[in-house]
Amino acid sequence: MSEQNPNFKVNVKTEIGRLRKLLIHSPDSGLGKVVPSKAQDWLFEDIVHLDTIRKGEYDYYIKLLMYFLDPEKIKGKLAQIDSEKGNRNFYKPNHPDFHNSNSVIEIQNLLSEMLENESIRKKLVAAVCAIEGCTYKVQMQLTNTNPKELAEIFISGTLANDTMIFAPIPNLIFTRDVGTTINNHILLNKPAKKARVRETLLMRYIFFNHPLFAAYQNNVLEIPDVTMHFLRPGDEPAFSTTLEGGDVMMVSPNHVLIGCSERTSEHGANEAIKLLFDNDVVEKVTVVKIPSKRDYMHLDTVFTQVKRNTWVILNSIAHSPKYNPYEPINFLKEPEKLEATTAIQFTKANPQEPRHFEHVEALLNDISQNDLNSSEPTKIIYSGNNTFPYDSREQWTDSCNLLAIKEGVVLGYDRNDKTVEAFKAAGFNVVDVKDLIQDLESGKADAETMTDTLILMPSAELSRARGGFHCMSLPILRDELS
């Protein structure tokens, strides 16, 4: 197993500081094994084409990350990496020619390195077999499997002979959901859906057992179930304690946002707030309650940050629906509570007196102006350029789910045309990732000097998996804002 690196740091204070290290997971063979009858259970909306996701889409994400985070691995070598002879080996976690970046860190590699420890391997095999209902013989077979092969089995659910022994975990490409870095702590998720239990277990073992995180073991926070949780009614969502990383945003050094959504419950948010305050991680937590609908799913599907004074958001989330007082129906029927969005801020110093924001846009303005001391007015870029029906259509294909690779430089899907128009109107350059990679390779473009740019990523298949680049990243180190 890799030795502990004394220079390795975990620290994220904002959503937009220069990204230095992140955890990712490249699309594995499990994505190509999702079947229509189980797609919904496995939290996939569609049957995606694995080769296209890899070669035509995700490979560009890896290349771009490399130019920004680990240029020595790729600059001057691009033609060789992408040659027919290269056979995509640079992108394959188990291959000897894999990039093995210490900045763009592949979860499958961490898992296989950790499994080299026999004691940990036995424990994890037993835990996985317990939740997947494997026979004792299968458990013994897995215990004696090569660590690299075993890591692949745990993720894809498939043996080397292509026999499926349990379900894949296709959502592991959305690494954000398994945890969130908050200052120098890592808050682990507590998934709402059974389909994500195994990936959560794997990540818990990595954070507590891999030498890379050895110095941070005491900084890994786990959401507990509430006392006597086993006496609560069945699996009713109203009584569950769930939290997923897509609902957690580190927006300033002492401020975390937690979304209550389809995937994160009020009980989950409550336990997270107590954990963060009791461990002196942050001073304030704002809970944003969004409609509990599949359209929205997580907080980062309805808004993300672009610059300290700029956000991209779905307008119906920014402002809850206004009711016309001249319509008699408003006196005859209670408004739909599920459609309302609220923002309630709790402080460690005075948790019993929370602050209520008029709407989410007011909260974002407060973060920009007061938390991040923006010297410019707050700008809001709306999904679909705030035009029906493109606002909802493009939010569904992750127009609001952007990853800031540095302040003002963000990654988004190329299919969201009206949102792209809104970025242009807000003064952003828009560049296709394929052109940018060529310019970075030739030296025509410089990652260090790039500003105010929306980088368009190919999206035919990835967007059908229902997640953007914010979802597909778990930042563990960002620079502080200057």
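**View 1. The buried side of helix 15.** In this predicted model, helix 15 spans residues 433–442 and has V433, L436, I437 and L440 buried (under 20% relative accessible area with a 1.4 Å probe, protein chains only). Helices here are DSSP runs of H or I with at least four residues, strands are E runs of at least two, and both are numbered from the N terminus. Why the same side? The four residues cover an arc of only 100 degrees around the axis, which puts them on the same side of helix 15; that arc is taken from the directions from the helix axis to the C-beta atoms. Their cover includes helix 2 (50–69), helix 3 (78–81), strand 16 (429–432) and strand 17 (453–457).

**View 2. The two ends of helix 15.** At the N-terminal end, D432 acts as the cap, with a side-chain oxygen 2.8 Å from the backbone nitrogen of K434. After the helix comes G443, with a positive phi near 95 degrees.

**View 3. M457 and its surroundings.** Ignoring neighbours within four places in sequence, M457 is in contact (heavy atoms within 4.5 Å) with several residues, including Y60, Y61, L64, L411, V433 and F469.

**View 4. The largest nonpolar core.** Among its 49 residues, Y61, L64, F68, I455, M457 and F469 touch the most other members. Helix 2 gives the most, 12 residues. Such a core is a set of buried Ala, Val, Leu, Ile, Met, Phe, Trp, Tyr and Cys residues joined through side-chain atoms within 4.5 Å.

*Notes.* Residue numbers start from 1 along each chain as its sequence is written, and side-chain values use heavy atoms, without hydrogens or water. Local features need pLDDT of at least 70 and side-chain atom pairs count only at pLDDT 80 or more, while totals for chains, interfaces and linings use all residues.

Key
Buried < 20%, exposed > 50% of the residue type's maximum accessible area, 1.4 Å probe, protein only. Polar contact = N/O pair within 3.5 Å; in protein donor to acceptor, adjacent residues only side chain to side chain.
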